[in-house]
Amino acid sequence: MTPDALAPYLPLLAVLVLAGGLGAIVSVMSALLGPKRPSAVKSTIFEAGSEPSPGSARQRFAVKFYVVALLFIVFDIETVFLYPWAVNFKALGWFGYGEMAVFAVTLVIGLAYVWKKGALDWES
Amino acid sequence: MTALQTVQITRRVDPHLSIDRYDPEGELMLLHFGPQHPSTHGVFRMDLYLDGEKVVKVIPHVGYLHRAVEKLCETLAYVQITPIVDKNDYVAPMTNEQALNMAFEAALKLEVPRRARWMRTLFAELQRIASHLLWLGTFALDLGGALGGGSTVFIHCFRERELVLDLFEEVTGARFHYNTHTIGGNRHDLPAGWSAKVHAALDVIGPRLDEYEAMTLENRIFLDRTVGVGKLDAELALELGITGPILRACGVDHDLRRDAPFHAYDEVKVNVVTAQGGDCLARAQVRLGEMRESVRLVRQMVDGVPEGSINSGKPVKLPVQTKIPPGQVYVAIETPRGELGTYLVSDGTQFPYRLKIRPPSLHALSALPYIVPGGTVSDAVAILGSLDPIMGEVDR
Amino acid sequence: MSDGLLHGVVYSVLIVSVVLTATAMALWFERKFAARMQTRLGPTIVGPIGLLQPVADLLKLLQKEDIVPDNADAAIFNLVPPLAALAALGAAAVVPFSPSVVASDLDVGVLYVLAIGAVTVLPIFGAGWSSNNKLALLGGMRAVAQSISYEVPLLLSAMVPVILSGSLRLGTIVQMQADHHWFVVWPFFIGLPAFGIFMLAMLAEANRIPFDIPEAESELVAGVTTEYTGMKFALFYMAEYVHTIVASAVGAALFLGGWDGPFFPGLHWMVLKTLLLFTAVYWVRWSLLRFRSDQLMGLCWKWLVPMGVLLVGAAATWVVVFP
């Protein structure tokens, strides 16, 4: 890429550096300015005032959350594929419309399938 | 009990489910929910066994607020006990005092003057309005959070509750722990012009109850969170000794105010509010309906308070002069939360030999292991809120 | 360095400081607004009508002890609060407040906003995971499930203005609306529902009631932020507000015609529209109860996603039939 093409991204970088830097500075400042009186009780985790319950807080977790992640990957990427089409849509006209209709219908069929399979029923 | 209708349930949860057998791999997450938790209504703790968000088993732990009230009462003279039990159900202190003093009166075979009985009825009904308003506020807080719509409902409910507390303050000088009931009647008489103030307060509260009903029972999110959540069947409720709005929400038409009238309830007609379904929504419907009924009762009674003395007890110079003859007595009244019983054993001295208080909230909490499993963590919070437990009276 | 670049860098500094100041004011505004809804007064002590309350809060939080719990993953635990601020502020860079007041009007602006908005889920989950706290873990899991689910309707609804204007550049989208109609006005039967879905999904991404189940303080105490103290907590809190402000600004640019409006300069209109959307978000927040997580997912996948697909199709048909 030519430097000119990257030029609009420089202010972006400035914003990100500023924001991240600011965040880093205030969290370091808070660590420096605050009192330091550690104690055993203070550093235990807060679990609603009782002793921390036995068992790790990083154990395996219900599979439903992973199903959502899978669904997300499928649908999100498909949707992102739609964006270039959306930008050039006027130029593509009816041809692009038809092509994308096929793609979108496939997507909807996929959604109907997971719906039917009960992947969207969280209650069960 | 006039009409017992059982709610259909498909299966009943086993509250003693063995986690070792259910989950030998140890994949369930054990979460200590409480005691210092925003929605455990004081200091209550539930140990939740979670499969993802779903609750598999719940073990309730009570006792964090145990103050040995019953034991303490054994060392106090009878007239000194009233202010102590005020702190049991701290949301409805009036009814605590009434239940206690009615037991003493029953043991002494003391007739309470008619005026005092009417006043007690009025206080009980006003207290019911205040207590249910606070329940509505905290229930919304459980459903909506302290940083959101929940706190808006909460503070608005407190605004109306203040009006009732103002009325009590007018009579007793205290807003919360009144110590206004005593053996044989009441301590403070109604001030002049009190009934006009009651009407003025109810003129404000009445229409706002309509608003709250519209805001809750017609609110889509409220319905989504409450319909079918925490389903309790009438059979189980009776088995566990659950009384009050929770039992009536299971379709059981039972109310001590009508079925075993005390105070002046035998002179008025009490329309008992019931609902079907036994879920959180039914409990909300019952309580909202009861507030309306209380408004109606107070309006009906406040102008007709009979004249006469407010206390039939002998004046005493020292607290220990009051002695109750040997024997035992059990008296129960209908508080906003259900049947509050007082069981008194006297050995003829100036102190009670044993004073047992039967709190409705404790029995309500005993339903948790049956109705929470199967729901999510959010449901557990909603169910606990809908049972309206007051830890002060649960732990005593 | 060319003039254009200098302009961009100056504006980026300006926009970060303005957004941060606006966040502080938003805190004050929300507290006052919520207080008036709840028959209270809100902050009155610090400064005139309590205006300096956010400053007082900041100074207080700076003096709090910095606690890292036992067994926490300290590296991630300390890294994620600045990351949250970065992700929230980053999106502000491409928002055109007026034809000239913009840090960088990227040619892929819409995509950039959505991408950086999706990054916000990382610090939240990182916080939940690293805290070694089950409440935080539950909050983090909920946050991930919610954010990534609502990402789909967000992308779909943001595609409607892209199709209608044929550009990913926010400036061009606004200019298109200024030349013709705001997208919520015409075609309203496509623009209005798309706007609704966009705002709902943005609320969900910013974890605002009725979609605040990751925090859900009546259930999970404080969710992912349970173990955070002092400024680290404040950074998460601030990120939420910044996210809401930026979401309001993007919503105003995509659907409400951005800087377009009569009589006043464009900047005024943009700020006004952002403020209105922001107020609407808080109005909703302080009026509604909270959804349950499964209901939240149901709403997303069973209502918003199909509706989003339908709207994209409708927008495409509209453009093809009436070019």
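In this predicted model, 63% of the 323 residues of chain C count as buried. The secondary structure of chain C consists of twelve helices and zero strands, so that reading along the sequence gives the pattern α-α-α-α-α-α-α-α-α-α-α-α. The radius of gyration of chain C is 20 Å, close to the 20 Å that the globule rule gives for 323 residues, and chain C is therefore as compact as a globular protein of that length. Taken along the principal axes, the box filled by the C-alpha atoms of chain C is roughly 60 × 50 × 45 Å. The contacts within the chain can be described by sequence separation as well: of those in chain C that link residues at least 6 apart in sequence, 78% join residues at least 24 apart.

Chain C touches both of the other chains considered here, and the contact with chain A may be taken before that with chain B. Between chains A and C, 61 residues of chain A are in contact with 72 residues of chain C. On the side of chain A that touches chain C, at least two residues each are supplied by helix H2 (9-33), helix H3 (64-87) and helix H4 (89-117) of chain A, and H2(A) gives the most, with 19 residues. Sorted by class, this side of chain A has 43 nonpolar, ten polar and eight charged residues.

Between chains B and C, 30 residues of chain B are in contact with 25 residues of chain C. Two or more residues each on the side of chain B that touches chain C come from strand S1 (29-33), H5, helix H6 (149-172), helix H8 (220-226) and helix H15 (377-387) of chain B. Within that side of chain B, H6(B) gives the most, with six residues, and the classes are represented by 13 nonpolar, eleven polar and six charged residues.

Chain B also contains an open sheet of three strands, in the order S1-S2-S3 and with antiparallel pairing. Because S1 and strand S3 (54-61) of chain B stand at the edges, each with a single partner strand, one side of each is left without a neighbour in the sheet. From one strand to the next, the twist averages 20 degrees. Strands of a sheet pair through backbone hydrogen bonds, in either a parallel or an antiparallel manner. In this sheet, strand S2 (residues 45-51) of chain B is joined to S3(B) by seven bridges, the two strands running antiparallel, and B:Leu48 stands opposite B:Val58 in S3(B). Helix H15(B) packs on the sheet, where H15(B) touches S2 and S3 of chain B, and the direction of H15(B) makes about 150 degrees with that of S2(B).

The domain assignment divides chain B into domain 1 (26-61) and domain 2 (112-319 + 367-395), and the centres of these two domains, taken over C-alpha atoms, are separated by 28 Å. Across the boundary between them, 17 residues of domain 1 of chain B are in contact with 17 residues of domain 2 of chain B. S2 and S3 of chain B are the elements that give two or more residues to the side of domain 1 that touches domain 2, and the largest share of that side, six residues, comes from S3(B). By class, the same side of domain 1 of chain B has ten nonpolar, four polar and three charged residues.

Some individual loop residues of chain B complete the picture. Most residues other than glycine have a negative phi. B:Ala68, in the loop between S3 and helix H2 (69-73) of chain B, has a positive phi near 55 degrees although B:Ala68 is a residue other than glycine. With 10 other C-beta atoms within 10 Å, B:Ala68 is exposed. B:Lys109, which is not a glycine, likewise has a positive phi, of about 55 degrees, and lies in the loop between H4 and H5 of chain B. B:Lys109 is exposed, with 8 other C-beta atoms within 10 Å.

The loop between helix H4 (93-108) and helix H5 (114-144) of chain B is also the place of B:Glu111. Because B:Glu111 has 12 C-beta neighbours inside 10 Å, B:Glu111 counts as exposed, the cut-off for that class being 12 or fewer. The C-alpha atom of B:Glu111 is separated by 6.8 Å from that of B:Gly184, although these two residues are 73 residues apart along the chain.

Key:
Residues numbered from 1 in each chain as written. Chains lettered and ligands numbered in written order. Predicted model: local features only at pLDDT ≥ 70, side-chain atom pairs only at ≥ 80, totals over all residues. Helix = DSSP H or I, 4+ residues; strand = E, 2+ residues; numbered from the N terminus. Rg over C-alpha atoms; globule rule 2.2 N^0.38 Å. Buried ≥ 20, exposed ≤ 12 C-beta atoms within 10 Å, placed from the backbone. Contact = placed C-beta atoms within 7 Å. Nonpolar A, V, L, I, M, F, W, Y, C, P; charged D, E, K, R; others polar. Pairing = 2+ DSSP bridges. Axes fitted to C-alpha atoms, helices over the stretch in contact; angles between N-to-C directions. Domains from an automatic or database assignment.
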